[in-house]
Amino acid sequence: MQDPIQLSQYSEPEPDIAVVRIDARKYIDRHPAPNEIFLLIEVADTTLDTDRKQKAPLYAKAGIADYWILDVNQRQVFVLGEPLLQGYNQQLILQDYTTLSLIAFPEIEVQINQLFP
């Protein structure tokens, strides 16, 4: 949680949660690269605009296939997918008792209401 990921030589953002390929030996001297990242999650209270307008294009350009933004104020989740160089092609806004799955692990289901205490 809140550890850096490496998008490029000059970009190492720190998402709130990163679901990455497990191999502790690989991350001794470097951070996970885009091809090792299954899901990035940002938890937005005051950072919703930054997470949507600044971070999302960076993550999409790097090829991060699954990016979620938890909007804690509205109790909704922005689910971004289909990364392109200029941004995400797909964006869904889900609320309440909707169930969603990770692209990399479709058998794992998460209910939106369980993400917000």
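Here are legends for a few views of this predicted model.

**View 1. The whole chain, with one helix and seven strands.** Follow the chain from the start and you get the order β-β-α-β-β-β-β-β. The C-alpha trace covers about 40 × 30 × 25 Å along its principal axes. For 117 residues, a compact globule should come out near 13 Å in radius of gyration, and this protein's 14 Å agrees with that.

**View 2. Phe38 meets Phe105, edge-to-face.** This is one of three aromatic pairs in the structure. The ring centres sit 5.0 Å apart with the planes at 65 degrees, and since an angle over 60 counts as edge-to-face, that's the label this pair gets. Phe38 belongs to strand 2 (residues 37–44), while Phe105 is in the loop between strand 6 (99–101) and strand 7 (109–111), so the pair ties together parts that lie 67 residues apart in sequence. Phe105 is partly exposed, with 26% relative accessibility.

**View 3. A trio of tyrosines.** Tyr59, Tyr67 and Tyr88 come together here as one aromatic cluster.

**View 4. Inside and contacts.** Buried residues make up 37% of the protein's 117. Take the contacts between residues at least 6 apart in sequence: 41% of them link residues at least 24 apart.

**View 5. The surface and its charges.** About 7200 Å² of the protein is exposed, and 51% of that comes from carbon and sulfur atoms. As for charge, there are 9 positive and 17 negative ones, and the mean positions of the two sets are 5 Å apart.

Technical notes. Residues numbered from 1 in each chain as written. Predicted model: local features only at pLDDT ≥ 70, side-chain atom pairs only at ≥ 80, totals over all residues. Heavy atoms only, no water. Phe/Tyr/Trp six-rings, centres within 6.5 Å; stacked < 30°, edge-to-face > 60°. Helix = DSSP H or I, 4+ residues; strand = E, 2+ residues; numbered from the N terminus. Buried < 20%, exposed > 50% of the residue type's maximum accessible area, 1.4 Å probe, protein only. Rg over C-alpha atoms; globule rule 2.2 N^0.38 Å. Contact = heavy atoms within 4.5 Å. Areas by Shrake-Rupley, 256 points an atom, 1.4 Å probe, with all protein chains shown as cover. Lys, Arg positive; Asp, Glu negative; His and termini not counted. Charge placed at Lys NZ, Arg CZ, Asp CG, Glu CD.
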